[in-house]
Structures are given as C-alpha cells and as structure tokens.
Protein chains: 2
Amino acid sequence: MFMQDKCDRVNPEKIKALIKRVPDTEVVTRMSAVFQALQSDTRLRILFLLREKEMCVCELEQALNVTQSAVSHGLRTLRQLDLVRVRREGKFTIYYIADEHVRTLIEMCLEHVEEKV
Amino acid sequence: MFMQDKCDRVNPEKIKALIKRVPDTEVVTRMSAVFQALQSDTRLRILFLLREKEMCVCELEQALNVTQSAVSHGLRTLRQLDLVRVRREGKFTIYYIADEHVRTLIEMCLEHVEEKV
DNA sequence: TGAACATATGAACAGCTGTTCATATATTAA
DNA sequence: TTAATATATGAACAGCTGTTCATATGTTCA
C-alpha cells in the first residue's frame, strides 16, 4: 500500500512553523541522554537517597544492595550529565544532587506515576 | 581485594531510615519506565510538537521525517505511560499531551541541559 | 459495497545498556 | 614505606530498544 505525501490535516506551512519550535538536534540529544540516565532503577534509587542527604559511595552501596562497581558506574553516568555532583572529603567521595531541576524532575515523575494507581 | 561490610561513615540505623524514604519497587519501576519513554529523540520530538498543539499521526509523521510505523510505535509507548492521550476524530487519531506533569518534566530537562553550554 | 486513506501491530535485526568480575588508582594512618 | 580502605574503570556478556518492513485493522465516502 502506498502512503501519500500528506494527509488532509497537514498544512506544510504550519508544520514548518511547528518544527521550528522543536529544540535543535544537539539539545534534544542531550535531553534524551538525561532521561536515559534517569531510566534505571538503581540510578533512580541513588537519586532518591541523595535527595535525603549527601552520601559517600559506600553508604550508597549499603543502602542499595548492589556491588560497589555498579554504584560507581551509576554515579559516573549521573555525574556526566550533571545530575549529581561530587566533593572529596578525605578518603571519601561525597555525592549530592546537582540542583533543583533534578529534584523537580524526580518529583514530577513521582507524582505522575502515583496519580493513577 | 576484599570489601568489608561497611565503611566508617555508614550508620546502619540511619541507612535503614533513609531506605524507607525511597519509594517501593513498583513505583521506582514505573518511574524508570516513564524516563525510559522520554529517552528517545523521536519520542521527545513528538512531545515537543504536541506541546505546541494536538496533532494526528500523519502530521507528526510529516514533521518528524520518520516512517509512519515509527511514529505509531513511539506514540504507543508514550500512551501506555499516560504521557500522551488520544481522541478519535473521524478517520484521524488525535494525540495530545496528557497533563502538566509531562510539560514540567520536559521543561525541567530542557532548562537543565540549556543551563550549561 | 469497495476503494482509498489513516493508523496499528508483529517480526526481526542491529545497536545499546547495566551488571558483575577483575583490577587499578587514590587516600589515610601506622 | 606498607597495609587497609575507598573509589574508579575496562572488559564482557545477557538482555533490552528503536527502527523498518510487511501487513492488518479501522474509517470515510462514493
């Protein structure tokens, strides 16, 4: 079956105008990388924990019950996207939520999934 | 090398209390499914378009420049997580952003990635 | 009716992801 | 120094994802 060029509703001019309102590739790609980072149970749990207080890697390891390696890899992902930040404190590496955007992201998503149960 | 049970900073009691503040598995899993849905360039672009106005599938197809199948699959994913909703209008299926949570999610993420360039 | 348009869906494949294991690096304290 | 603790990283593998292709289903109108 052949799909024609456009459906009845399509107005090429208006479509063009709408496309301009979509952020450019680079931005969209960075956004999907951020959501990608938030798409893991382990990393989400890390953020929920850090939302309560800043923590070192081994505290997170204890709380999450996964290997230290998994925590560290997860933190790296979150760090690379500036979702968490780091501070050295002696032999400990302290992680904390980067900013309010991150808290809001988590909060909105939580409200969304809890809304309908 | 052997990793001991807990590091100096770990206080088992406090850790336990923190764990209780993390939503339970079911909720975390639903949240990661939502973020997972937001983690695709195509689906993000769909949401950016729908943010401007509700659209039928073939309008989206035109705007996105991917196959109709890809759009439809993407929409199903978004629909299943209640990120978009659907309305029939004659032979057209009109999609629109589900609620304000979704707009805020997008907005927060956009601000986050645009903050530092 | 049936032809044309609009949308959905299943299969399949290439590419990506998260975990663990093994190991390296960094810091402290003795 | 060295030992012990704390964290990071590379490799590798199983499992998941997004796209397209092919096709099915739904809707309108002549």
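**View 1. The surface near DNA strand C, by residue class and by element.** In this predicted model, the surface near DNA strand C is made up of nine nonpolar, 14 polar and seven charged residues. Of the 30 residues around the strand, A:Thr42, A:Arg43, A:Ser69, B:Ser69 and B:Tyr95 come nearest, and sugar and phosphate account for 63% of the atoms of DNA strand C that come within 4 Å of the protein. The greatest contribution to this surface comes from α5(B), with six residues.

**View 2. Polar contacts with DNA strand C.** The side chain of A:Arg43 places an N or O atom 2.2 Å from a phosphate oxygen of DNA strand C, whereas B:Cys58 approaches a phosphate oxygen through a backbone N or O atom, at 2.9 Å. A backbone N or O atom of A:Gly90 lies 3.4 Å from a sugar or linking oxygen of the strand. Two or more residues each are given to the surface near DNA strand C by α3 (41–52) and α5 (68–80) of chain A, together with α4 (57–64), α5 (68–80) and β3 (92–97) of chain B.

**View 3. The two protein chains and their relation.** A turn of 180° with a shift of 0.0 Å along the axis lays chain A on chain B with an RMSD of 0.0 Å, which is the relation of a two-fold axis. The same surface serves both copies, as 100% of the contact residues of chain A recur in chain B.

**View 4. B:Leu18 and its surroundings.** B:Leu18, which lies in helix α1 (residues 12–20) of chain B, is buried, with a relative accessible area of 12%. Leaving aside residues up to four places away in sequence, B:Leu18 touches A:Leu49, A:Glu52, A:Lys53 and A:Met55.

How values were computed
Residues are numbered from 1 along each chain as its sequence is written. Chains are lettered from A and ligands numbered from 1 in the order in which they are written. This is a predicted model: local features need pLDDT of at least 70, side-chain atom pairs count only at pLDDT 80 or more; totals for chains, interfaces and linings use all residues. Side-chain values use heavy atoms; hydrogens and water are left out. Copies are superposed by least squares on the C-alpha atoms of residues with pLDDT of at least 70 in both. Contact means heavy atoms within 4.5 Å. Helices (H or I, at least four residues) and strands (E, at least two) are DSSP runs, numbered from the N terminus. Buried means under 20% relative accessible area, exposed over 50%, partly exposed in between (1.4 Å probe, protein chains only). A residue is near a molecule or strand if one of its heavy atoms lies within 4 Å of it. A polar contact is a pair of N or O atoms within 3.5 Å; within protein, one must be able to donate a hydrogen and the other to accept it, and residues adjacent in sequence count only if both atoms are side-chain atoms. Ala, Val, Leu, Ile, Met, Phe, Trp, Tyr, Cys and Pro count as nonpolar, Asp, Glu, Lys and Arg as charged, and the others, Gly among them, as polar.
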